[in-house]
Amino acid sequence: MLEFLNAPPGNRSFALIDVPCMNRPLNFRPPHVSKRKKTPMRYCLLLISLLSCAKDEAPALAEAVRQTRDITYNNITMKLVIEKPTGTEMDALLVYHGTVLYDANLMSAANNVMDDFKGILDRKDMLIVGVPYPGENMLLGDNIVYAEAALLWVKNKASQELGISIKKIFLGGHSQGGYLVTRLNTMHETNGVIANAPGPFNLVYRCQLEESGQIAAGATCNKLRAAYGTTSANPNAYMARSLLTFTRGFKSDILFVQGLNDSPIQMYSWPVFKQEVTNCTDCKSIRMVEIPGGEHSSLFMSSVAKAEFNNFINSR
């Protein structure tokens, strides 16, 4: 099942109305207190306080606790950033950041993407896991083993190690994080995947632009060139790591969000990727949301994209 939405840009505003509860009558007296017996003033004040309208208000939820945890799965050892709400049963959302040039900045990137997803999520009862996957000293795509280790740890070990019961698992990714969660969707089943501006779609095209001097050289293509030679000499090696290669066999429902005012490189291949995914015959439900005028971070900026994100999670 494939759905498309081309949504106009726009913002929504909400008004919060604070309605105070009704005060108790000043002459209120609990039935068990004798009319003839005099009661100390301190006791009366305490009793009135306990029976006041504050008693009827729902208790405020405790703030979720964010911590860093070392995990090991499939011989992969890495850190995760985990934000756990109160309670013992919850759904989980694993989130994957975009490209980070230096691994020294991974924890910051993981915390930032957690804040981004938490900022648009309309639920406060989900376990949020930031995945600081590495990339500085490896070729693009080789970090899939770290992305996978994090997912499998949450699926198979997190409940026991965190002392909770995890019900549903969702994946969310931005940019290269969107690339990783799309690839993970061809490998493992979850309850749903959200990919914002995933990429790179086509490393042959991108790295050819760098080789010809049309755009500045970057670390991703430099490392591929050192390993495989130029794109003209070994195009298949570049394409094997491109997201256009991973448009089949989606094991779970997936939501793609793409701003239509993203970078020229992204927009060059987006129509091709969209068509390839549309042609998939062995994929679960696919929904594509395009944001006119939206840029690379449209999921976090567009009210339409935010609503689509929450509806996707809450309907599964």
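Where does Pro 200 lie? In this predicted model, Pro 200 lies in the loop between S7 and H6. The peptide bond that leads into Pro 200 from Gly 199 is cis. Its omega is near 15°. Strand S7 itself covers residues 192–196, and helix H6 covers residues 203–211.

Two other loop residues have a backbone feature to note. Asn 74 is found in the loop between strand S2 (65–73) and strand S3 (76–84). Its phi is near 50°, a positive value in a residue other than glycine. Ser 175 is not a glycine either, and has a positive phi of about 60°. This serine is found in the loop between S6 and H5. Ser 175 has 16% relative accessibility and therefore counts as buried.

Helix H5 follows with residues 176–184. Nine of its nine residues are buried, so H5 is largely enclosed by the rest of the structure. The buried residues begin with Gln 176, Gly 177 and Gly 178. Tyr 179, Leu 180, Val 181 and Thr 182 are also among them, as are Arg 183 and Leu 184. What do these residues pack against? Their partners include four strands: S4 (89–96), S6 (165–174), S7 (192–196) and S8 (254–259). Helix H3 (144–156) is a further partner.

The packing of H3 with H5 can be described in detail. The two helices meet at an angle of about 65°, and their axes are 10 Å apart. That angle makes H3 roughly perpendicular to H5. H3 passes H5 in a right-handed crossing. On the H3 side, the contact is made by Ile 144, Ala 147 and Glu 148. On the H5 side, Leu 180, Arg 183 and Leu 184 take part. By class, the residues of this contact divide into four nonpolar, no polar and two charged. The spacing of contact residues along a helix can be read with one general rule in mind. An α-helix has 3.6 residues a turn, so residues three or four places apart point the same way.

A separate set of contacts centres on Ile 71. This residue lies in strand S2. Ile 71 has 2% relative accessibility, so it counts as buried. Which residues does Ile 71 contact, leaving aside its neighbours within four places in sequence? They are Ile 76, Thr 77, Met 78, Leu 80, Ala 149 and Trp 153. Ile 71 and Ala 150 are 79 residues apart in sequence. In space, their C-alpha atoms are 8.0 Å apart.

The next feature is the disulfides. A disulfide is a covalent bond between the sulfur atoms of two cysteines. How many disulfides does the structure hold? There are two disulfides.

One of them joins Cys 207 to Cys 221, with an S to S distance of 2.0 Å. The angle about the S-S bond is -85°, and this link is left-handed. Cys 207 lies in helix H6 (residues 203–211), while Cys 221 lies in helix H7 (residues 219–228), so the pair ties together parts that are 14 residues apart in sequence. Is Cys 207 buried or exposed? Cys 207 has 0% relative accessibility and therefore counts as buried. Cys 221 also has 0% relative accessibility, so it counts as buried.

The helices that carry these cysteines pack against each other. H6 and H7 meet at an angle of about 95°, with their axes 10 Å apart. That makes H6 roughly perpendicular to H7. H6 contributes Leu 203, Arg 206, Cys 207, Glu 210 and Glu 211 to the contact. H7 contributes Thr 220, Cys 221, Leu 224 and Arg 225. The disulfide-bonded Cys 207 and Cys 221 are thus among the residues of this helix contact. By class, the contact of H6 with H7 has four nonpolar, one polar and four charged residues.

A disulfide is also formed by Cys 280 and Cys 283. Their sulfur atoms are 1.9 Å apart. The torsion about the S-S bond is about 95°, so this disulfide is right-handed. Cys 280 has 14% relative accessibility and so counts as buried. Cys 283, at 16% relative accessibility, counts as buried too.

Conventions. Residues numbered from 1 in each chain as written. Predicted model: local features only at pLDDT ≥ 70, side-chain atom pairs only at ≥ 80, totals over all residues. Heavy atoms only, no water. Buried < 20%, exposed > 50% of the residue type's maximum accessible area, 1.4 Å probe, protein only. Contact = heavy atoms within 4.5 Å. Axes fitted to C-alpha atoms, helices over the stretch in contact; angles between N-to-C directions. Parallel < 35°, antiparallel > 145°, perpendicular 65-115°, else oblique. Left-handed = near helix turned anticlockwise from the far one by under 90°. Nonpolar A, V, L, I, M, F, W, Y, C, P; charged D, E, K, R; others polar. Disulfide = S-S within 2.5 Å.
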